[in-house]
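Dear colleague,

Please find below the structure that I am handing over to you. I would be grateful if you could look through it before reading my notes.

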Amino acid sequence: MSRNRKPEYIKKLLGIVTPNGYKFDASNYLYNPNYEHEYPSFKKVIKEDDERVTYRCVHYVRHYSGCGSYEEKVFSVPKKELGGWSVIHDMVTTHLEDAPRFNLTKLLSFC
């Protein structure tokens with residue numbers, strides 16, 4: 001699937017409000033060339049202290065075999081590097097469920 005960058009679709013994704021506070025990660029969906037951001041992802045700040053901010057991100061990944069899976073990533077970013085690009089060393093990826101196709105409703109059920 002190529003990224004759907006139509007303004008109507010982006011406005012729809014930006015308008016989604018989850019009860020747990022997850023938000024659509026628009027910057028990675030629109031500008032990050034990595035194939036992991038080919039589908040929409042949602043992230044939330046789960047912990048914040050004086051030095052670091054910890055995020056939980058839920059997204060769908062398409063594998064080379066043709067199948068895909070929903071995954072969760074937990075990572076932290078130093079506060080001094082917020083707003084820019086930074087290298088993440090403590091990322092933990094958890095497999096949530098296999099799925100042959102992307103479904104936005106299913107993705108939101110993991111949020």
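The notes below begin with the overall fold and then turn to aromatic rings, cysteines and a few individual residues.

**Overall fold**

Please bear in mind that this is a predicted model. The protein has three helices and five strands, and along the sequence these elements follow the pattern α-β-α-β-β-β-β-α. Its C-alpha atoms fill a box of roughly 40 × 30 × 30 Å along the principal axes. The radius of gyration is 14 Å, which agrees with the value near 13 Å for a compact globule of 111 residues.

Of the 111 residues, 39% are buried. The protein exposes about 7,300 Å², and carbon and sulfur atoms supply 53% of that area. Among contacts with a separation of 6 or more, 46% are between residues 24 or more positions apart.

**Aromatic rings**

The count of aromatic pairs comes to eight. One of them joins Tyr39 and Phe102 in a tilted arrangement, with 5.1 Å from centre to centre and 35° between the planes. This pair links distant parts of the chain, as its two residues are 63 residues apart. Tyr39 belongs to the loop between α2 (26–31) and β2 (41–48), while Phe102 belongs to the loop between β5 (92–99) and α3 (104–109). Tyr39 has a relative accessible area of 7% and is therefore buried, the limit being under 20%.

Which residues form one aromatic cluster with Tyr39 and Phe102? They are Tyr60, Tyr70 and Phe110. Another ring, that of Tyr55, has a charge over it: the charged end of Lys43 sits 4.7 Å from the ring centre.

**Cysteines**

How many disulfides does the structure hold? The number is zero. Cys57 is in no disulfide, and the nearest cysteine sulfur, that of Cys111, is 8.8 Å away. A disulfide requires two cysteine sulfur atoms within 2.5 Å, so this distance does not qualify. Cys57 is buried, with a relative accessible area of 8%.

For Cys67, the closest cysteine sulfur is that of Cys57, and the 19 Å between them is too far for a bond. Cys67 has a relative accessibility of 36% and counts as partly exposed.

**Individual residues**

Four residues may help you to find your way around the model.

Glu71 lies in strand β4 (residues 68–78). Is Glu71 buried or exposed? Its relative accessible area is 13%, so Glu71 is buried. Leaving aside neighbours within four places in sequence, Glu71 is in contact with Cys57, Val58, His59, Val61, His63, Thr93, Thr94 and Leu96. Glu71 and Leu96 are 25 residues apart in sequence, yet their C-alpha atoms are 5.2 Å apart in space.

Ser41 has its place in strand β2. With a relative accessible area of 3%, Ser41 is buried. Not counting residues up to four places away in sequence, Ser41 touches Lys23, Phe24, Asp25, Cys57, Val58 and His59. Cys57, Val58 and His59 thus appear among the contacts of Ser41 and also among those of Glu71.

Leu108 lies in helix α3. Its relative accessible area is 25%, and Leu108 is partly exposed. Beyond its neighbours within four places in sequence, Leu108 is in contact with Ile16, Thr18 and Phe42. Leu108 and His59 are 49 residues apart in sequence and 9.3 Å apart in space, C-alpha to C-alpha.

Asn28 is found in helix α2. At 15% relative accessibility, Asn28 counts as buried. Setting aside residues up to four places away in sequence, Asn28 touches Arg3, His37 and Trp85. Asn28 and Glu72 are 44 residues apart in sequence, and the distance between their C-alpha atoms is 15 Å.

**Points to view in the model**

You may wish to begin with these places:

- the tilted pair of Tyr39 and Phe102;
- the charged end of Lys43 over the ring of Tyr55;
- Cys57, which is in no disulfide;
- Glu71 in strand β4, in contact with residues including Leu96.

With kind regards

Note on methods
Residues numbered from 1 in each chain as written. Predicted model: local features only at pLDDT ≥ 70, side-chain atom pairs only at ≥ 80, totals over all residues. Heavy atoms only, no water. Phe/Tyr/Trp six-rings, centres within 6.5 Å; stacked < 30°, edge-to-face > 60°. Helix = DSSP H or I, 4+ residues; strand = E, 2+ residues; numbered from the N terminus. Buried < 20%, exposed > 50% of the residue type's maximum accessible area, 1.4 Å probe, protein only. Lys NZ or Arg CZ within 6 Å of the ring centre and 35° of its normal. Contact = heavy atoms within 4.5 Å. Rg over C-alpha atoms; globule rule 2.2 N^0.38 Å. Areas by Shrake-Rupley, 256 points an atom, 1.4 Å probe, with all protein chains shown as cover.
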